[in-house]
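Before reading on, please load the coordinates and keep the sequence to hand. The paragraphs that follow go from the whole chain to a few local environments.

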Amino acid sequence: MALELYLDLFSQPCRSVYIFAKKNNISFDFKKLSLLDGEQYGEDFGKISLIRKAPALRDGDFCLAESIAIMLYLAEKFKTPDFWYPADLQQRARVNEYLSWQHTAIRMHGSKIFWLRVRSPSLIFLMIPKVMGVEVPEDKMNAALDDLNSSLKLVEEKFLQDRPFIAGDQISLADLVAIVEIMQPVGAGLDVFEGRPKLSAWRDRVQEAIGKELFDEAHQYILGAQESVKTMDSNKMQFFKPKILRLFM
């Protein structure tokens, strides 16, 4: 049985797994999953992952959830180049540090901005009012922007500093996970790279290391998110209601 990856490229963690597998020429069966349609709650996917989140992996009888765990599994099984998850103690520690930090920082803040800014067909109503039936106060939007800006500042000043990449001179899993998260608000029309030359230069290096064609392919859907909203069935978005609500609690 071929290695199977269950992915929705609307999702940041799914994009990181997709890029990692493609870049390292890992053969896999792409099982396309629509989180917006609630396919993660279907009976078939429940047999793959009780967590009911994407990404998910099936390798024969072995199933695995969580993007970081999946990429580490692929790195070890397929002996990918060392720079992705360096053997050097301190370089690996830098990778682990970023991967440990990002869950409750850049990921959460980028996702919040995405849901706040992606607009409905009329280009007047925000996604949250469209889906949730509630208005987003201005102070909530401003607070979300402040949180995102604080996280981006930490990416530049703490995690990158004067290095080309987070762990040193070469791309690593930390950079891959970082770029897919930072691209999420870009998909909602917020250019987070404007006025940030260090972050922009890093983005260009990451894109070059990944390959522009693969980078664009993986982000095509998210960068077209504003168009996708125009045909989105708000009833299907009820699957995301609990997740969206948690972002604003």
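A residue is called buried here when its relative accessible area is under 20%, exposed when that value is over 50%, and partly exposed in between. By that criterion, buried residues make up 51% of the 249 residues in the protein chain. The model is a predicted one, and its protein chain holds 12 helices and four strands. The surface that the chain exposes comes to about 12200 Å², of which carbon and sulfur atoms supply 50%. If one takes the contacts between residues at least 6 apart in sequence, 71% of them join residues at least 24 apart.

A convenient place to enter the fold is helix α1, which covers residues 12-23 and, with its 12 residues, reaches 16 Å from its first C-alpha to its last, close to the 16 Å expected at 1.5 Å a residue. This helix is mostly covered, since 10 of its 12 residues are buried, namely Q12, P13, C14, R15, S16, V17, Y18, I19, F20 and A21. An α-helix has 3.6 residues a turn, so residues three or four places apart point the same way. Just after α1, the backbone at N25 takes a positive phi of about 55°.

Part of the cover around α1 can be followed from helix α3, in which S67 lies. Not counting residues up to four places away in sequence, S67 touches P13, S16, V17 and P55, and P13, S16 and V17 are among the buried residues of α1. S67 is itself buried, because its relative accessible area is 11% and the cut-off is 20%. A69, which also lies in helix α3 (residues 67-77), has a relative accessibility of 32% and therefore counts as partly exposed. The C-alpha atoms of A69 and L57 are 9.8 Å apart in space, while the two residues are 12 apart in sequence.

The aromatic side chains offer another route out of α1. The structure holds 11 aromatic pairs. In one of them, the rings of Y18 and F28 have their centres 6.2 Å apart and their planes at 85°, so the pair is edge-to-face. This pair links distant parts of the chain, with Y18 in helix α1 and F28 in the loop between α1 and β2 (29-32), 10 residues apart. Both Y18 and F28 are buried, and ring pairs link these two residues with F30 into a cluster.

F20 of α1 leads on to the largest nonpolar core, which has 61 residues and in which F20, Y98, I179, I182 and W202 touch the most other members. The largest share of this core, nine residues, comes from helix α8 (residues 173-186). To see the surroundings of one of these residues, consider I182, which touches I106, L152, V155, V192, F193, L199 and W202 when residues up to four places away in sequence are not counted.

F193, one of the contacts of I182, also has a charged partner, for R203 lies over the face of the F193 ring at 4.3 Å from the ring centre. A second arrangement of this kind involves K158, whose charged end sits over the ring of F159, 5.5 Å from its centre.

Terms used. Residues numbered from 1 in each chain as written. Predicted model: local features only at pLDDT ≥ 70, side-chain atom pairs only at ≥ 80, totals over all residues. Heavy atoms only, no water. Helix = DSSP H or I, 4+ residues; strand = E, 2+ residues; numbered from the N terminus. Expected span 1.5 Å × (residues − 1). Buried < 20%, exposed > 50% of the residue type's maximum accessible area, 1.4 Å probe, protein only. Core = buried A, V, L, I, M, F, W, Y, C linked by side-chain atoms within 4.5 Å. Contact = heavy atoms within 4.5 Å. Phe/Tyr/Trp six-rings, centres within 6.5 Å; stacked < 30°, edge-to-face > 60°. Lys NZ or Arg CZ within 6 Å of the ring centre and 35° of its normal. Areas by Shrake-Rupley, 256 points an atom, 1.4 Å probe, with all protein chains shown as cover.
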